[in-house]
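Dear colleague,

Please find below the structure that I am handing over to you. My findings follow it.

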Amino acid sequence: MAVADIIRRKLSAALSPLRLDIVDDSHRHAGHSGARAGGETHFTVEIVAAAFAGKSRVERQRMVYAALADELRVQVHALALATFTPDEDRARRQRD
Amino acid sequence: MDQNLSDRIRNDIKANEVVLYMKGTPIFPQCGFSAAVVQLLTQLGVKFKGVDVLADPAIRQGIKEFSNWPTIPQLYVKGEFVGGCDIVREMFQSGELQELLQSRGVNVKVS
């Protein structure tokens with residue numbers, strides 16, 4: 001299974017997100033120390049989930065990291081994260 | 001986690017107002033995420049100690065356990081864990097980083 005699919009499955013199970021965007025950025029890091037042949041090492045993930053309500057930024061990212069602990073130990077070298085509650089996401093979209 | 005190692009980290013974040021655990025040095029960052037945080041701190045005129053985790057495998061693993069945070073860079077202000085690159089960047093953009101630094105008595109260049 002592709003790493004992005006594993007990330008999607010695990011985050012869906014842990015956080016029941018309303019929206020989950022996963023982008024594999026590995027090609028942008030080719031040749032860099034954390035990159036591997038075959039890629040699937042660098043990801044950007046944007047998550048909208050009610051579970052983030054009332055949690056600090058640090059707490060939110062820890063929730064994501066906990067769900068992906070196995071992947072971060074082995075395969076995933078970098079994970080850029082943006083976390084929003086449904087309310088924050090709505091407010092953000094209205095501003096754009 | 002090894003007691004000496006956690007003591008070393010504790011001493012570092014106590015002895016220095018702002019500490020960035022990073023890949024490479026502030027002059028030569030070895031990773032785009034570390035470079036991004038260095039650039040923000042520099043832009044704010046914040047004096048900080050950079051700890052190069054690539055130069056020390058024990059610290060590289062140890063800081064992840066110490067902070068309960070699996071990635072590098074990691075920013076500490078007055079002994080308090082602030083976050084990694086995404087969080088620091090978001091806080092910079094919203095002005096929260098500048099507020100946090102000032103409220104902890106760290107000199108920030110006001111632009």
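Two residues are taken to be in contact when heavy atoms lie within 4.5 Å. Please note that this is a predicted model.

I begin with the nonpolar core. The largest one holds 57 residues, and the members that touch the most others are A:Leu11, A:Val45, A:Leu79 and B:Tyr21. For A:Leu11, leaving aside its neighbours within four places in sequence, the contacts include A:Val45 and A:Ile47. A:Leu11 is also in contact with A:Ser16, A:Pro17 and A:Leu20, and with A:Val64, A:Ala67 and A:Leu68.

A second finding concerns two helices from separate chains. Helix α2 of chain A (residues 57-67) and helix α4 of chain B (residues 85-94) have axes that come within 10 Å and cross at roughly 150°. Because angles over 145 degrees count as roughly antiparallel, α2(A) is roughly antiparallel to α4(B). On the α2(A) side, the contact is made by A:Arg57, A:Val58 and A:Gln61. On the α4(B) side, B:Asp86, B:Ile87, B:Glu90, B:Met91 and B:Ser94 take part. The crossing of α2(A) past α4(B) is right-handed.

Finally, the cysteines. Over all chains, the structure holds 0 disulfides. Why is B:Cys31 not bonded to B:Cys85? A disulfide requires cysteine sulfur atoms within 2.5 Å, whereas the sulfur of B:Cys31 is 7.9 Å from that of B:Cys85, its closest cysteine sulfur, and therefore too far for a bond. B:Cys31 counts as buried, at 7% relative accessibility. B:Cys85 is buried too, with a relative accessible area of 8%.

Yours sincerely

Technical notes:
Residues are numbered from 1 along each chain as its sequence is written. Chains are lettered from A and ligands numbered from 1 in the order in which they are written. This is a predicted model: local features need pLDDT of at least 70, side-chain atom pairs count only at pLDDT 80 or more; totals for chains, interfaces and linings use all residues. Side-chain values use heavy atoms; hydrogens and water are left out. Buried means under 20% relative accessible area, exposed over 50%, partly exposed in between (1.4 Å probe, protein chains only). A nonpolar core is a set of buried Ala, Val, Leu, Ile, Met, Phe, Trp, Tyr and Cys residues joined through side-chain atoms within 4.5 Å. Axes are lines fitted to C-alpha atoms, for helices over the stretch in contact, and angles run from 0 to 180 degrees between N-to-C directions. Helices (H or I, at least four residues) and strands (E, at least two) are DSSP runs, numbered from the N terminus. Angles under 35 degrees count as roughly parallel, over 145 as roughly antiparallel, 65 to 115 as roughly perpendicular and the rest as oblique. A crossing is left-handed if the near helix is turned anticlockwise from the far one by less than a right angle, and right-handed if clockwise.
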